[in-house]
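Colleague: I am new to this model and would like a close look at one group of charged side chains. Please start from a single pair and then work outwards to its surroundings.

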Amino acid sequence: MIGVLVAIVAGGWGYVMWSMTGSSTGVSNQIIYFDVNRADQVEITFEVAKPEDRTAVCRIRATDVNHAEVGAKEVRIPPGEGTKTLKERLDTSAQATSVHIQYCNLV
């Protein structure tokens, strides 16, 4: 009985992690570079792969040393290119220590 419960929990966790990768949304993304040297702004260079005929929206999020959000921005990638490299600047309310892509979805 315990083994069945462990298998169910592990399968559920695996599904959650798989769905967070973008495989289920049709969009994948990868951060190439980010710069957090300025106290009021960050830069991020990232790549997005999506179907050529669809638009995608990605949310970029900057966080501080305590993992609190200090800036966020949605970026719209129009139809036309399947894989695109983008460079974005994001204003921040405090010094950021990390930048990540919270999600990328097709619209």
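Which residue forms a salt bridge with R89, and how far apart are the closest N and O atoms?

Modeller: This is a predicted model, in which local features need pLDDT of at least 70 and side-chain atom pairs count only at pLDDT 80 or more, while totals for chains, interfaces and linings use all residues. Residues are numbered from 1 along each chain as its sequence is written, and side-chain values use heavy atoms, with hydrogens and water left out.

The partner of R89 is E43, with the closest N and O atoms 3.2 Å apart. The two belong to distant parts of the chain, E43 to strand 2 and R89 to strand 5, 46 residues apart. R89 is partly exposed, at 49% relative accessibility. Salt bridges with shared partners bring E43, K87 and R89 into one network. A salt bridge here is a side-chain nitrogen of Lys or Arg within 4 Å of a carboxyl oxygen of Asp or Glu; strands are DSSP runs (E, at least two residues) numbered from the N terminus.

The other link in this network is the salt bridge of K87 with E43, whose closest N and O atoms are 3.7 Å apart. K87 lies in strand 5 and E43 in strand 2, so this pair ties together parts 44 residues apart in sequence. K87 is exposed, with a relative accessible area of 59%, whereas E43 counts as buried, at 16%. Buried means under 20% relative accessible area, exposed over 50%, and partly exposed in between (1.4 Å probe, protein chains only).

The structure holds seven salt bridges. Another of them joins D40 and R38 (3.2 Å, N to O). D40 is partly exposed, at 40%, and R38 is partly exposed too, at 44%.

Strands 2 and 5 belong to an open antiparallel sheet of three strands in the order 1-2-5. Strand 1 (28-35) and strand 5 each have a single partner strand, so one side of each is left without a neighbour in the sheet. On average, neighbouring strands here are turned by 25 degrees against each other, direction ignored; axes are lines fitted to C-alpha atoms, and angles run from 0 to 180 degrees between N-to-C directions. Strand 1 and strand 2 run antiparallel and are joined by seven bridges, one of which pairs Q30 with E47. Two strands pair if DSSP finds at least two bridges between them.

Strands 2 and 5 also supply residues to the largest nonpolar core, which has 19 residues; V42, F46, V48, I60, A62, I77 and V99 touch the most other members. Strand 2 (41-49), strand 3, strand 4 (69-77), strand 5 (83-91) and strand 6 each give two or more residues to this core. Such a core is a set of buried Ala, Val, Leu, Ile, Met, Phe, Trp, Tyr and Cys residues joined through side-chain atoms within 4.5 Å. Beyond its neighbours within four places in sequence, I60 is in contact (heavy atoms within 4.5 Å) with residues including I44, F46, E88, L90 and V99.

A second open antiparallel sheet has three strands in the order 4-3-6. In this sheet, strand 3 and strand 6 pair over eight bridges, and A62 has V99 of strand 6 as a bridge partner.

Terms used. Helix = DSSP H or I, 4+ residues; strand = E, 2+ residues; numbered from the N terminus.
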